[in-house]
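Reader: I would like to learn how to read surface and side-chain features in a model like this one. Could you walk me through some cases?

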Amino acid sequence: MKKLISILLVTLMIFTLAGCGSKDSDNNDKPANKEDGTTKKITLKVMDWSDSSKTQKEAFFEEYMKNNPNINIEYTCLTMDQYKNTVLSAINSGDAPDLFPLPSGMDLGTVVKEGWFTPLDGLVSDGFKDIFIDGVFKEGVNVIDGKAYSVPEVLQLPNSIIFYNKDLFEKAGLDPEQPPKTYSELRDYAKKITEAGNGDFYGIIEGGQQVNRWKTAAHDFSALGGSGMSEFSPVSLLTGESSYADKAMVETFELFKGMAEDGSYHPSTMSIRAPEARALFGAGEAAFIIQGVWCIGVWNTNNPDLDLGIASQVASDNGRTGSVAMATANAWMGVSASSEHPEEAAKLLEALYSTDYNYQKDCVSDGVFFSLVKGVNDEYLTNPLLKEFYDAATATASIAPNPKTENQATSQLFLEYNDVSPAVGDLLQGTVAGAINDIEGSLKGLSDKINQEFDRALKAANEKGANISKDDFKFDWDPMTNY
Amino acid sequence: MQQVNSKKNIFAKKNKSNIRWCWIFMIPTLLLYLVFTAWPIFSSFYYATLKWSGLSVTKEFVGLSNFIEVAKDPYFWSAFWNSFKFMFGVVPIHLIIGLLLAVVLNNKLLKLAKVYRTLFFLPVVTTASIVGIIMIFILGADGPVNTILLSLGITDNPINWLGDPKYAMISVILISGWKNLGINMIYWLAALQSIPSELYEAAKVDGCNSRQMFRYITFPLIIPIGAVIALLNIVGSLKVFDIVKTMTNGGPFFSTDVVATYIYRYAFSSEMGLPRIGYASAAGIFFGITIIIVGFTANHFKKKIKAKSIVSQN
């Protein structure tokens, strides 16, 4: 009897295990239409951090699934930090989403060598690249060794534009049609508004926990003072050396420190992220926020009464001697190299830009972004705030040289370069938080470390046959004009 | 005599078969230990010698350079000392307040003692990340703590408890101390309840008051268990991660950065470039060795305390 029970138990266990083993394959290969047995239901996983276009994207996915009943889309939208950590773990465990964007701060060439993305050529239709405006598929940006690996999300414009609340300007006795133009004016206005607010509203707010927001502000504000810093290179595009210790950057840091010392920052600043800061600004709790175009659509939906003003970055009191470094497009979404359905994923990616669907049109008309698809902006850019943003952003920005586009071999340096920590974003965050008092000393330390690491990475790249020099990162460029 | 020998043989045989069965039953645990504990530890020694993102197949052997870089990084040492600051803040809360609570709640005359015990234990079973997120709101500029301080006129402007480097670490220590207080209270309760009641009865007959009973009976008898509780707390608090990650993410400007968040930053995220699993492993090993040294030291003191306590009891 005991033997019989044992045999039964073992048999039961084997069946249970067999059941576990076959579960996944059942799910993946289950035909959607059992009658013909040919169409298989495919699940495509998509992940990004574009919270401002989430509504439009979800509507697009709904529409796409309706038109393609064999496709099921699982879309996950995270914050930028969460996304980075999640996607790295997913890639690590071999479970990367079918479509995912290049995490911020990473180099496409590097991750392609790491085997993250599969080439789009052959997966997308032949005419796909032609629907975009010129300059999108550039070597070193979205193209690596002649193959396209990613598609940009939006027309790239600086995301350090000053948004301001006109109602709060009036409450503080300031002219809402005269936004600040210099460092002193911004600091002065923020202080006046904070005083007028008396605890109900403050001068300025930021998503202070997000280091990338501080980095963008440091790069772009100092670029107007001629620092030559950009997202494209760890060193100045003008000198080929780190310019973090230069006057332009020190002045930028002093501006932010000054605003912190004046008590102009919203008290929540250091413990919140960009989406929360955006919501508090929309609710009228702060007069200034330094942000990107994607905020406009969110405020249009959530805060229709917000009287929004848009202004360019402010320049040092000594005047403007440079521009914010601008590229037409950045690398964004690609098809995972480990995707089981690369063709279907590429088709979905293609549809995201197709005018047969409403995604591009909706995002432009809702004020979420400027499209890279030819003709969409001309036809659907009806939102006056978006036009204002475009004017403000382009007034202080110039197309900048990108080392990777100019000389492909420079990408070898980025493979070798280890990010220096704490970076400029950390330092500005620390300055505003009150943890750093010696601005010049800390920036000098950062500058020295970057130059040292840059030289080391350059040497290591050359040892591997890159044949590049510092001159490949230094450009004869007048930063007041397009390169 | 022969009978005795055969009996011995039977026991020896039985013993051998028992041992065999013990080993058989231990195999699954041993296997799990090898796969999930021993293997990661040994592989991290190997990873620490590599320049590797943890994601790619390309690994470059760099010898001890990761260790040298860790040792030279002032932010690693800042995280290192922050871990100890956290430990020195949290452990006394757990030990002293935990003991006081246990003594109070061990009083059989106290009504609703079980309800209070449950209330103090509740935060222990709540996930650290949830506690962290809720605390961001509670300690935030518009949160209840600031509302009370402002309404009482203690401060004119709201204090950003987690966003100001002056207050961030102390806030994290207090929240973590409160969160794990319940489990320490339970440890102490178990210690208190292990003391035979006859001792108290005898002391009462001898005319001891409650303070004398605590000083001469309770305290010496629970001290050996207290040493174990201290050891667990020291090692546990040095390894803190979740509550710091969710409440401050190591900020502002690294003021609450502990070694676990430092390692996480290099192993799983990087502002510019790929993660550095080799470097993170080196930092992990560095700190792991420190914890082992601290653990051994604490254990040494624990043994001393235990021996002293046995002597004094005899």
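Author: Gladly! B:Ile27 is a good place to begin: this residue sits in helix α1 (residues 2-47) of chain B. Keep in mind that the model is a predicted one.

Reader: Is B:Ile27 buried, exposed or partly exposed, and what is its relative accessible area?

Author: Buried means under 20% relative accessible area and exposed means over 50%, with partly exposed in between. B:Ile27 has 43%, so it is partly exposed. It also belongs to a nonpolar surface patch of about 1,100 Å², whose members include B:Trp21, B:Phe25 and B:Phe36.

Reader: Which residues gather in a patch of negative charge on the surface?

Author: Those are A:Asp167, A:Glu170, A:Asp175, A:Asp305 and A:Asp307. Take A:Asp167 as the example: helix α5 (residues 166-171) of chain A holds this residue, and its relative accessible area of 34% makes it partly exposed.

Reader: Let's turn to salt bridges. How many are there over all chains?

Author: A salt bridge pairs a side-chain nitrogen of Lys or Arg with a carboxyl oxygen of Asp or Glu within 4 Å. The count over all chains is 21. In one of them, the side chains of A:Arg187 and A:Asp262 meet at 2.8 Å, N to O. A:Arg187 is in helix α6 (residues 183-197) and A:Asp262 in the loop between α8 (247-261) and α9 (274-282) of chain A, so this pair ties together parts 75 residues apart in sequence.

Reader: And what separates A:Lys257 and A:Glu261 along the helix?

Author: Both are in helix α8 of chain A, 4 residues apart, which is about one turn of the helix. Their closest N and O atoms are 3.4 Å apart, forming a salt bridge. A:Lys257 counts as buried at 16% relative accessibility, whereas A:Glu261 counts as exposed at 55%.

Reader: Which residues are linked in a network of salt bridges?

Author: A:Glu416, A:Lys464, B:Lys51 and B:Glu60 are linked that way, so look at chains A and B together here.

Reader: One last feature, please: where is A:Ser160, and which side chains does it contact?

Author: A:Ser160 lies in the loop between β6 (147-148) and β7 (161-165) of chain A. With 0% relative accessibility, it counts as buried. Its side chain makes a polar contact of 2.6 Å with that of A:Asp220, and another of 2.7 Å with the side chain of A:Gln313.

Terms used. Residues numbered from 1 in each chain as written. Chains lettered and ligands numbered in written order. Predicted model: local features only at pLDDT ≥ 70, side-chain atom pairs only at ≥ 80, totals over all residues. Heavy atoms only, no water. Patch = residues over 30% accessible without salt bridge, like charges linked within 9 Å, V, L, I, M, F, W, Y side chains within 5 Å. Areas by Shrake-Rupley, 256 points an atom, 1.4 Å probe, with all protein chains shown as cover. Lys, Arg positive; Asp, Glu negative; His and termini not counted. Charge placed at Lys NZ, Arg CZ, Asp CG, Glu CD. Helix = DSSP H or I, 4+ residues; strand = E, 2+ residues; numbered from the N terminus. Buried < 20%, exposed > 50% of the residue type's maximum accessible area, 1.4 Å probe, protein only. Polar contact = N/O pair within 3.5 Å; in protein donor to acceptor, adjacent residues only side chain to side chain.
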